[in-house]
Amino acid sequence: MTTVTVRGAGIFGLSVAWFCLKAGARVRVVDPAGVAAGASGGLVGALSPHSPDRWSEVKAFQLRSLVAARTFWPEVDAVTGLRSGYGPVPRVRPLPDADAVARARELAREAARNWGEAGAWTLVEADDWAPSATGLAVRDTLSARLHPARATLSLAEALRRCGVEIVPEARDEGAVVWAAGHAGLADLSRRRAREAGRGIKGQAATLGFDARGFPQVQADGIYIVPHEDATVGVGSTTERDWTTPEPDAQLDEVITRARAICPALAGAPVLRRWAGIRPRARSRAPMLGTWPDRPGHYVANGGFKIGFGVAVEVGRLMADLVVRNRDAIPTPFRVEASL
Ligand SMILES: Cc1cc2nc3c(=O)[nH]c(=O)nc-3n(C[C@H](O)[C@H](O)[C@H](O)COP(=O)(O)OP(=O)(O)OC[C@H]3O[C@@H](n4cnc5c(N)ncnc54)[C@H](O)[C@@H]3O)c2cc1C
């Protein structure tokens, strides 16, 4: 039986642990800060696809992961009785001008070609939830949402119930998978004497507003995600240079912009302010595979802005590699691509 030590109890580490367990390995997860202590402890949770044109291996990977999430999260929640907050909530993007409408029509053809039956990309009339100057919006049904912190806790609990220990400290045993988020990228950079990636701060908020039944909205770089507990997650900033990991005044602008996009949120109270450090690999793509020059060690990192969207497929591919010795990591995601 393969033994696997996973270092990092964020969504990447836990997904890798889950699929290694399913592949028959004995698994232990080690994280000195505990479950969901890093970027995975957030509150936005948009699971949404890249645009459907210029199709690539990266986009195909994300599509597979979004489709797999439809069964993955309900299965995890069934083990624990907890709620990941997963739901097939479509996304709308208000179309501000004629150019955006023309582009959206083009992309509808690309979505039909590249997404197939997995999701539809349709032009619809915009409504009062997310109005637009043209009166039109794009609606896609490949998107879904979950609650990041709760989903991570649910997956951790599912692992525990299946006998996996999640501990603050332990010696390496067997294969070691480093899923240590931005600290892991810093470590890799130090060891390679070259920047492999860095932590990009993001801030988000929870607003008290019951938007259940409404779509999630993406506009002006802002995500507005209705959750099943009658709150709405809004985010995020993208901060390359930051001095404090805590939320600060930059979050106020995100909230103001979210309220401009969805006027119904104007009077919604801010229930929570949060900041996390996203792990962004130098390639900007997920960074997966064997750790070069460190036999028996592996890396699962670089989730950046779409970590939850790709986590299921990341876990599956890493387990294939670590437990079954089958390497199907797409070239753009390989660790070497960021070194
Ligand atoms: C504001 C914001 C909004 C976001 N919105 C979305 C979204 O809507 N949709 C989406 O898909 N993604 C989103 N993301 C991105 C997503 O949250 C991340 O990509 C994902 O959480 C990364 O998961 P991870 O497990 O790699 O890292 P983390 O969650 O950071 O986990 C790394 C873990 O490693 C641990 N660790 C560090 N060093 C060690 C060590 N030496 N040994 C053991 N453990 C260690 C840390 O304690 C931490 O718990 C958002 C991120 C932010 C910040």
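Buried here means under 20% relative accessible area, exposed means over 50%, and partly exposed is in between (1.4 Å probe, protein chains only). These close-ups show a predicted model, in which local features need pLDDT of at least 70, side-chain atom pairs count only at pLDDT 80 or more, and totals for chains, interfaces and linings use all residues. Residues are numbered from 1 along each chain as its sequence is written, and side-chain values use heavy atoms, with hydrogens and water left out.

**View 1. I329 and its surroundings, in the segment after α7.** Helices (H or I, at least four residues) and strands (E, at least two) are DSSP runs, numbered from the N terminus. With 5% relative accessibility, I329 counts as buried because that value falls under the cut-off. Contact means heavy atoms within 4.5 Å. Leaving aside neighbours within four places in sequence, I329 is in contact with L288, G289, L317, M318, L321 and R334. Look also for F61: the C-alpha atoms of F61 and I329 are separated by 9.7 Å, although the two residues are 268 residues apart along the chain.

**View 2. The ligand and the 36 residues that surround it.** A residue is near a molecule or strand if one of its heavy atoms lies within 4 Å of it. The closest residues to the ligand are D31, S40, A46, F304 and F308. For polar contacts, the rule is a pair of N or O atoms within 3.5 Å; within protein, one must be able to donate a hydrogen and the other to accept it, and residues adjacent in sequence count only if both atoms are side-chain atoms. A backbone N or O atom of A46 lies 2.8 Å from a nitrogen atom of the ligand. On oxygen atoms of the ligand, a backbone N or O atom of F304 lies at 2.8 Å, and one of G309 lies at 3.1 Å. The ligand taken alone exposes 1000 Å², and the protein buries 89% of that. Accessible areas come from the Shrake-Rupley method with a 1.4 Å probe; for residues, only the protein chains shown count as cover.

**View 3. The elements that make up the shell around the ligand.** Two or more residues each come from α1 (11–22), α5, β10, β14 and α7 (307–322). Which element gives the largest share of the shell? That is β14, with four residues. By class, the shell has 18 nonpolar, 14 polar and four charged residues. Here Ala, Val, Leu, Ile, Met, Phe, Trp, Tyr, Cys and Pro count as nonpolar, Asp, Glu, Lys and Arg as charged, and the others, Gly among them, as polar.

**View 4. Helix α5, residues 181–192.** The expected span of a helix is 1.5 Å times one less than its number of residues. For the 12 residues of α5 that gives 16 Å, which agrees with the 17 Å between its end C-alpha atoms. Its buried residues are G184, L185, D187, L188 and S189. What covers them includes β10 (197–207), β14 (270–281), β15 (287–290) and β16 (297–301). Just after α5, A193 takes a positive phi of about 55°.

**View 5. Helix α3, residues 98–115.** The 18 residues of α3 should span 26 Å, and the end C-alpha atoms are 25 Å apart, which agrees. Buried in α3 are A100, V101, A104, L107, A111, N114 and W115. These residues pack against α2 (57–80), β5 (121–125) and β6 (136–140). G116 follows α3 with a positive phi, near 55°.

**View 6. R7 in strand β1, residues 3–7.** Is R7 buried or exposed? R7 counts as buried, because its relative accessibility is 15%. The R7 side chain makes a polar contact with the side chain of D172 (2.7 Å), and a polar atom of that R7 side chain lies 2.6 Å from the backbone oxygen of A170. Not counting residues up to four places away in sequence, R7 touches residues including V30, R171, V176, V177 and W178.

**View 7. Backbone details in three loops.** Most residues other than glycine have a negative phi, and most peptide bonds are trans. In the loop between β11 (216–219) and β12 (222–226), D220 has a positive phi near 55° and is exposed, with a relative accessible area of 53%. D293, in the loop between β15 and β16, has a positive phi of about 65° and counts as exposed at 71% relative accessibility. The peptide bond from G235 to S236 is cis, with omega near 0°; S236 lies in the loop between β13 (232–235) and α6 (250–261).
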